[in-house]
Amino acid sequence: MNYFFADPNDIPEELLWELYGPEHLAWLAGIAAVCALACVLFRKAAPEKQERALKALAIWIVIQEIIKDLLHWYAGTIELEHLPLHICGISIFFTLWYALKPGKLNGAYVYGMSLPGALAALLFADWTNYPIWHFSALNSFTIHAELVIFAMMALTSGRLKPDIRQIPKMTAVMYALALPIYFLNKRWGTNFMFINTPSPGSPLVPLYGVFGDWYAVAAALLLVVVWVILFLPWEIAGKGKRR
């Protein structure tokens, strides 16, 4: 706890944790258990209580993001990379938008970007340069878990119905976001959305090794393929019900 607000450069290596080490696995197991319980309780709740729960969680996620930046400022570790311009940072605002005014496009984003993005962040965490009890590590685990729980509650309750016809619109939204962020990364030396290079240890690392400077284009095309895979079962199931 002496290093709760410490700069990563000042933290002894023996206090750090590793991907899929006991600390990481304990967090993943705990998040899975809480998510499962939240989904069960959410499904049993009345519709108006479900709506209030989604709004409350979405608003809390925004507040937590602000608290995170204030704590980094207090610790003297605030930097450009803490702006909410990563996939999960952007997902915070799509989550809030969906909670306040559910729609097909923002629902598709919550399912197709926020959920897999937050899951990937938890599975391939890039905050191993902090001790497990550092405020930044705690925030990273919890805020990504909250994004997953929000999406899963909406999905398993039937409130969120993935629509494959939203993929073209989602593609347009992602390009509209990614293009300016790509140039901001070049200018600021950041790596928002992991457009310029993949997160270390993620499945996208081999993709970068193959395509190099064309990695961003290959990742964008791969994302559309992933969306088709994610949305297609819902489309097939929907057609089966209509028959």
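**Helix α2 and what covers it.** I looked up what lies over the buried residues of α2 in this predicted model, and found that the cover includes α1 (22–44), α3 (87–100) and α5 (135–156). The buried residues of α2 that I noted are Q50, L54, L57, A58, I61, V62, Q64, E65, K68 and H72, a list in which Q, E, K and H stand beside L, A, I and V. In an α-helix there are 3.6 residues a turn, so residues three or four places apart point the same way.

**Length and end of α2.** I then checked the span of the helix, which runs over residues 47–75 and has 29 residues; from the first C-alpha to the last I read 42 Å, close to the 42 Å expected at 1.5 Å a residue. Following α2 I came to G76, where phi is positive, near 75°.

**S91 in α3.** Turning to α3, one of the helices that cover α2, I looked at S91, which is found in that helix. I recorded S91 as buried because its relative accessible area is 0%, against a cut-off of under 20%. Leaving aside neighbours within four places in sequence, I found S91 in contact with Y109, M113, S114 and L147.

**P203 in a loop.** My last entry concerns P203, which I located in the loop between α6 (167–188) and α7 (205–211). Its relative accessibility is 54%, and the cut-off for exposed is over 50%, so I entered P203 as exposed. I also took the separation between the C-alpha atoms of P203 and I132, which is 23 Å for two residues that are 71 residues apart along the chain.

Note on methods:
Residues are numbered from 1 along each chain as its sequence is written. This is a predicted model: local features need pLDDT of at least 70, side-chain atom pairs count only at pLDDT 80 or more; totals for chains, interfaces and linings use all residues. Side-chain values use heavy atoms; hydrogens and water are left out. Helices (H or I, at least four residues) and strands (E, at least two) are DSSP runs, numbered from the N terminus. Buried means under 20% relative accessible area, exposed over 50%, partly exposed in between (1.4 Å probe, protein chains only). The expected span of a helix is 1.5 Å times one less than its number of residues. Contact means heavy atoms within 4.5 Å.
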